[in-house]
Amino acid sequence: MAGEAGVAVDPGGGPLSQMGLPWGCSHPSLTGHARGLLTSLVTLLLLRLGSAQLRVEGPGHPVTATMGQDVVLSCHLSPQRDARSLEVRWIRRTISETVHHYRNGEDLYGEQMWAYSGRTELARDGLSDGRLDLRIFGLRPSDDGQYVCTVKNADDYGETIVDLDVTATGADPHLSLGGYEAGGVRVLCRSAGWYPLPQLLWRDARGQHLPSVSQTHSQDQEGLFEIKGTIIMTGSVEGPLSCVVRSSRIQQEWKSSLHIAAPFFHNAQPWKVALALVLVLLAVSIGLGVYLFRKQDQQATELAWRRFLLPENRVKVTLDPHTAHPELILSEDHRSVRWEMIRQHVPDTPERFDFWCCVLGHEEFREGRHWWEVKVEGELETYSCWAVGVAKESVERKGKINMDPEEGIWALLYQQGHLTPLTSTRTPLPVSPVPTRIWVCLDCTQQQVSFINADNGFEIFTFTAASFNGESIRPWFWVETLGIQLCLRGSTTQTLSPTLVGSSTSPATPASPLLGPAGAAQE
């Protein structure tokens, strides 16, 4: 019956096969040539449908990791196949922006979110087995959320979602008394440094929950939460009162307890006056002690830096164009540097940086004390990235390196609105506002590198026991943001010429330009 669903017919109208039966069960009326052609077409169709589709599978459960640690987000091809020739992209699901991009055997960073710059790595050793694992270094609260592992080739595409739960454990709850109120005593509880936002609960001696009078929370610039709660404790509450902070993500809780004696609730007005007087005296004593301590510490610090920052220790630093990354533009006097997105045509010599946008100072130091000033020009935004410091002469110039003391770099980084020392564990410094004039102080004798706020003379951070190992130390700079320019003090702002970075001539400056006999800076 020609035209009936599931039935194939020959030119004469006879059925060739029923759906589900082998195509070879045709009537003898079909010629061998036509039968062979039909068999080939069907075989190609089946091969196409049965080819290795890019099906991607994840861990099947949320990945939980602690803030500051590294984490591996896993996904793999199923069935297993070699993924080295495929295009792999990890993205944030909510905003569809690239976290890491791999194609044709190399990592591509042009589309990477700035928040993940230098913090991701695709595990190459597993690609041949179909594993597409992504490692994220130094977790932050902002890394929390859903990620999409995608893979594609010319003909197919696959993806899967991986949930990352970032956690941070804060401080134990701190209890304090706030005075008499509503026939009882106001008790306050606070705890900071949490992610995500925890629960704050009140319990009596029997473990029964008590209602809060108020509860608030706030979030700092790192994304960590502080939670506060208040309760009015009356004489009807037996035994100690407990404040409990509970993390629902890791199913753990932290508790602090307080016991208030019964006489505290009697004759409330005199106790209120006495308590207020005690609190006032205690606050005055603490405040006076903190003031005197800070004043003494400030005087000692200022004296130490006045001794270090003598005129004879100041040096004139110039930038070495032969080490500058091709996207860096140096001024004519080699005293200023900025970043452009266009790579210049300069020789790829062994001394030139080719991955990070870095440049070294022309001067080398092996002994003594030296300092110079760096001024940051341009509008500092949250997305701005720059760093200043020192590096060993032998620092690696090629490829992606870790910018830390183990690689021979001691520097201060500006990123996400904070100054952060480039240590193995990176913690932003509580410096506000961020200074735009910084003194870089190198003590080769003590093997220390310090950074001073040139606006007020206060120490920002010091690397101790720097382990120079007798090597020459050179000034080091990194900038990778449009509109930001690093200038060495004494230089005037100039129009930066792209042709100068590759110049074969160096400024007429001695290798170690110390101060002249009169003690004046040679600028």
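# Close-ups of a predicted model

**View 1. A cysteine tucked away without a bond.** Cys357 has just 1% relative accessibility, so Cys357 counts as buried, since the cut-off for that label is under 20%. Everything you see in this and the other views comes from a predicted model. Why does Cys357 not form a disulfide? The closest cysteine sulfur belongs to Cys358, and it sits 7.3 Å from the sulfur of Cys357, which is too far for a bond; a disulfide needs the two sulfur atoms within 2.5 Å. Another cysteine to look up is Cys385, which is buried as well, with a relative accessible area of 8%.

**View 2. A disulfide between Cys75 and Cys149.** How many disulfides does the structure hold? There are two, and this view shows the one that joins Cys75 to Cys149, with 2.0 Å from S to S. Its two ends come from distant parts of the chain, 74 residues apart: Cys75 is in the loop between β5 and β6 (76-77), while Cys149 is in strand β12 (residues 145-152). Are these two cysteines buried or exposed? Both Cys75 and Cys149 are buried.

**View 3. A disulfide between Cys189 and Cys243.** Here a disulfide links Cys189 with Cys243, again with an S to S distance of 2.0 Å. Look along the S-S bond and you get an angle of -80°, which makes the link of Cys189 and Cys243 left-handed. Cys189 belongs to strand β15 (residues 184-194) and Cys243 to strand β20 (residues 241-247), so this pair ties together parts of the chain that are 54 residues apart in sequence. Cys189 is buried, and Cys243 is too. If you number the bonded cysteines of the protein in sequence order, the pairing reads 1-2, 3-4.

**View 4. An open sheet of six strands.** In what order do the six strands of this sheet line up? Going across, it's β4-β13-β12-β7-β8-β9, an open sheet with mixed pairing. β4 and β9 (106-108) stand at the edges with a single partner strand each, so one side of each has no neighbour in the sheet. From one strand to the next, the twist averages 25°. To see what "mixed" looks like, compare two pairs. β4 and strand β13 (residues 157-167) run parallel and are joined by four bridges, with Val63 standing opposite Leu164 in β13. Strand β8 (residues 97-103) and β9, on the other hand, run antiparallel and are joined by three bridges; here, Arg103 stands opposite Glu106 in β9.

**View 5. Two faces of strand β4.** Zoom in on β4 (residues 63-66) and you'll find that its side chains alternate. Which side chains of β4 are buried? Val63 and Ala65 are, and they point to one face. Thr64 and Thr66 point to the other face and are not buried.

**View 6. An open sheet of three strands.** This open sheet is built from three strands in the order β5-β11-β10, and the pairing is antiparallel. β5 (71-73) and β10 (120-122) take the edges, each with a single partner strand, so one side of each is left without a neighbour in the sheet. Ignoring direction, neighbouring strands of this sheet are turned by 25° against each other on average. Between β10 and strand β11 (residues 134-136) there are three bridges, and these strands run antiparallel. Try picking out one matched pair: Glu121 has Arg135 in β11 as its bridge partner.

**View 7. Inside the largest pocket.** The largest pocket holds about 1,300 Å³ of space. Of its 43 lining residues, Arg119, Phe137, Gly138, Arg140 and Arg426 lie nearest its centre. β10, β27 (409-415) and β28 (418-421) supply at least two lining residues each. Which of the strands gives the most to this lining? It's β10, with three residues. By class, the lining is made up of 13 nonpolar, 19 polar and eleven charged residues.

**View 8. Inside the second largest pocket.** This pocket has a volume of about 720 Å³. Its lining has 24 residues, and the ones nearest its centre are Tyr109, Gly110, Ser117, Trp339 and Glu480. Sort the lining of the second largest pocket by class and you get twelve nonpolar, six polar and six charged residues.

How values were computed:
Residues are numbered from 1 along each chain as its sequence is written. This is a predicted model: local features need pLDDT of at least 70, side-chain atom pairs count only at pLDDT 80 or more; totals for chains, interfaces and linings use all residues. Side-chain values use heavy atoms; hydrogens and water are left out. Buried means under 20% relative accessible area, exposed over 50%, partly exposed in between (1.4 Å probe, protein chains only). Two strands pair if DSSP finds at least two bridges between them. Axes are lines fitted to C-alpha atoms, for helices over the stretch in contact, and angles run from 0 to 180 degrees between N-to-C directions. On a 1 Å grid over the protein atoms alone, a cavity is a set of points where a 1.4 Å probe fits but cannot get out, and a pocket is an open set with protein on both sides within 12 Å along at least five of seven lines; lining residues have an atom within 4 Å of a point. Grid points are joined across faces, edges and corners, and a volume is the space filled by probe spheres set on the points. Ala, Val, Leu, Ile, Met, Phe, Trp, Tyr, Cys and Pro count as nonpolar, Asp, Glu, Lys and Arg as charged, and the others, Gly among them, as polar.
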